[in-house]
Amino acid sequence: MPSDDRTGPLSGIRVVELAGLAPGPFGCMLLADLGADVVLVDRPGGTGLDGPLQRNRRVATLDLKSPDGVAELLSLAARADVLVEGHRPGVAERLGLGPDVCQNLNPRLVYARMTGWGQSGPLAADAGHDIDYLAVAGALEPLGRPGQRPHAPVNLLADFAGGGMLLAVGVLAALLERERSGRGQVVDAAMVDGSALLTTFLHGMIAGGAWSGGRGGNLLDGGAPFYDTYETADGRYVAVGALEPRFYAALLRGLEVVPATEQQDRDGWPELRRLFAARFRTRTRDEWEQVFTGADACVSPVLSPTEAPRHPHNVARGTFVDVGGVVQPGPGPRFSRTPVKEPAVREATTVTEVLAGWK
């Protein structure tokens with residue numbers, strides 16, 4: 001898509017993305033959603049990936065193992081604002097595409113590197129996936145039920161929240177700093193670092209003595225009966241987050257129960273959980289949603305990924321969009337003055353076409 005046909009707060013920002021998996025594409029999707037002109041450089045034959053994470057891109061195919069392919073990539077880097085790569089440390093340098101080479105051509109270039117372990121440290125060159133980065137960051141051990149093994153939450157935390165989102169934040173910060181210094185810099189975004197950052201609040205709770213119950217035995221990990229999920233009559237689930245006393249009181253009114261124990265009496269939690277579980281099984285999920293609508297009890301239906309786009313709140317806000325027949329989350333956040341355009345499927349281009357628009 002032409003760079004002059006964009007809206008959004010990042011309109012006019014030029015990004016070169018070297019094809020990769022999950023976190024890098026997600027970070028670049030965020031930049032593209034916000035208006036940046038992202039050119040995805042794919043390998044011959046492609047990566048086999050073409051979906052929501054690749055939306056709002058122009059795609060050029062280059063063989064970066066050939067001198068001609070490297071030369072064309074460098075011609076893009078010379079005119080870009082940002083280059084994003086997700087190889088293991090040292091690979092880009094061996095290809096002749098490292099930050100020293102690129103920033104020598106373009107001192108204003110923000111060179112963003114997305115890896116699991118980071119550019120340094122004893123694990124930097126090792127393979128890994130989301131679950132490994134969570135494990136070493138201390139973010140996996142707390143996840144799960146008492147007496148059970150830690151449970152991996154799909155690959156949402158390390159790949160996307162601690163990876164791609166951190167990458168996008170780093171790029172935006174470097175672009176802002178460039179306005180003062182006139183110089184680009186290298187952004188080292190590591191999923192293990194991002195996963196650790198996500199546990200900042202947890203470390204505060206540990207230091208304050210508010211997290212001492214072991215896995216699944218604390219206030220925010222399902223240990224408290226008023227912050228958990230419950231099965232309903234139709235085999236579905238509701239989520240309960242009634243932490244504050246007024247929300248807890250609204251929960252009790254909606255359930256029509258009068259517990260024999262106080263909310264914060266941990267000795268009474270097992271019986272309170274049995275009471276809540278039995279009561280929630282008396283109605284379907286959607287019936288409970290109707291009971292608690294407008295009640296300020298912090299009770300919500302647990303929706304599947306295919307149900308969520310049809311929820312009235314998400315429909316009203318346009319939280320999900322249809323891009324090329326694929327329903328997917330739309331861009332966020334919202335902007336009052338520079339709204340982003342609706343996402344579009346990626347389209348093929350050539351380096352020559354890109355450079356013609358990048359004067």
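1. Let me start with helix H6 (residues 156-181), which in this predicted model lies across E4, E5 and E6. Its direction runs at about 165° to that of E5.

2. The strands under H6 belong to an open sheet of seven, ordered E6-E5-E4-E1-E2-E3-E12, and the pairing is parallel. Strand E6 (186-190) and strand E12 (347-348) are the edge strands, each pairing on one side only. If you would like a place to check the register, strand E5 (residues 110-115) and E6 pair in the parallel sense over five bridges, and Met114 has Ala189 in E6 as its bridge partner.

3. Helix H2 also packs on this sheet, where H2 touches E1, E2 and E4. The direction of H2 makes about 150° with that of E1.

4. Which residues of H2 (residues 67-77) are buried? They are Gly69, Val70, Leu73, Leu74, Leu76 and Ala77. These residues cover an arc of only 155° around the axis, which puts them on the same side of H2. The spacing fits a familiar rule: an α-helix has 3.6 residues a turn, so residues three or four places apart point the same way. On the face turned away from the buried side you will find the exposed residues Pro67 and Asp68.

5. What covers the buried residues of H2? The cover includes three strands of the sheet, namely strand E1 (14-18), strand E2 (37-42) and strand E4 (82-85). Helices contribute as well, including helix H3 (91-95), helix H4 (99-105) and helix H13 (351-357).

6. Now to the other sheet. Three strands form an open sheet in the order E7-E8-E9, with antiparallel pairing. Strand E7 (227-231) and strand E9 (299-301) stand at the edges with a single partner strand each, so one side of each has no neighbour in the sheet. On average, neighbouring strands here are turned by 25° against each other, direction ignored.

7. E7 and strand E8 (residues 237-241) pair in the antiparallel sense over five bridges. Within that pairing, Thr229 has Ala239 in E8 as its bridge partner. Helix H10 (residues 269-280) lies across E7 and E8, running at about 40° to E7.

8. H10 also takes part in a salt bridge, one of 16 counted in the model. Arg279 pairs with Glu256, with the closest N and O atoms 3.1 Å apart. Since Arg279 lies in H10 and Glu256 in the loop between helix H9 (245-255) and H10, the pair ties together parts that are 23 residues apart in sequence. Glu256 is exposed, with a relative accessible area of 60%.

9. Are Glu307 and Arg285 buried or exposed? Both are buried, and their side chains meet in a salt bridge at 2.9 Å, N to O. This pair links distant parts of the chain, 22 residues apart: Glu307 sits in the loop between E9 and helix H12 (312-317), and Arg285 in helix H11 (residues 285-292).

10. A last salt bridge to look at joins the side chains of Asp234 and Arg236, at 4.0 Å from N to O; the cut-off is within 4 Å. Asp234 is partly exposed at 34% relative accessible area, and Arg236 is partly exposed at 35%. Through shared partners, salt bridges join Asp234, Arg236, Arg285, Asp286 and Glu307 into one network. That network therefore includes the buried residues Glu307 and Arg285 as well as the partly exposed Asp234 and Arg236.

Methods
Residues numbered from 1 in each chain as written. Predicted model: local features only at pLDDT ≥ 70, side-chain atom pairs only at ≥ 80, totals over all residues. Heavy atoms only, no water. Buried < 20%, exposed > 50% of the residue type's maximum accessible area, 1.4 Å probe, protein only. Helix = DSSP H or I, 4+ residues; strand = E, 2+ residues; numbered from the N terminus. Arc of directions from axis to C-beta. Contact = heavy atoms within 4.5 Å. Pairing = 2+ DSSP bridges. Axes fitted to C-alpha atoms, helices over the stretch in contact; angles between N-to-C directions.
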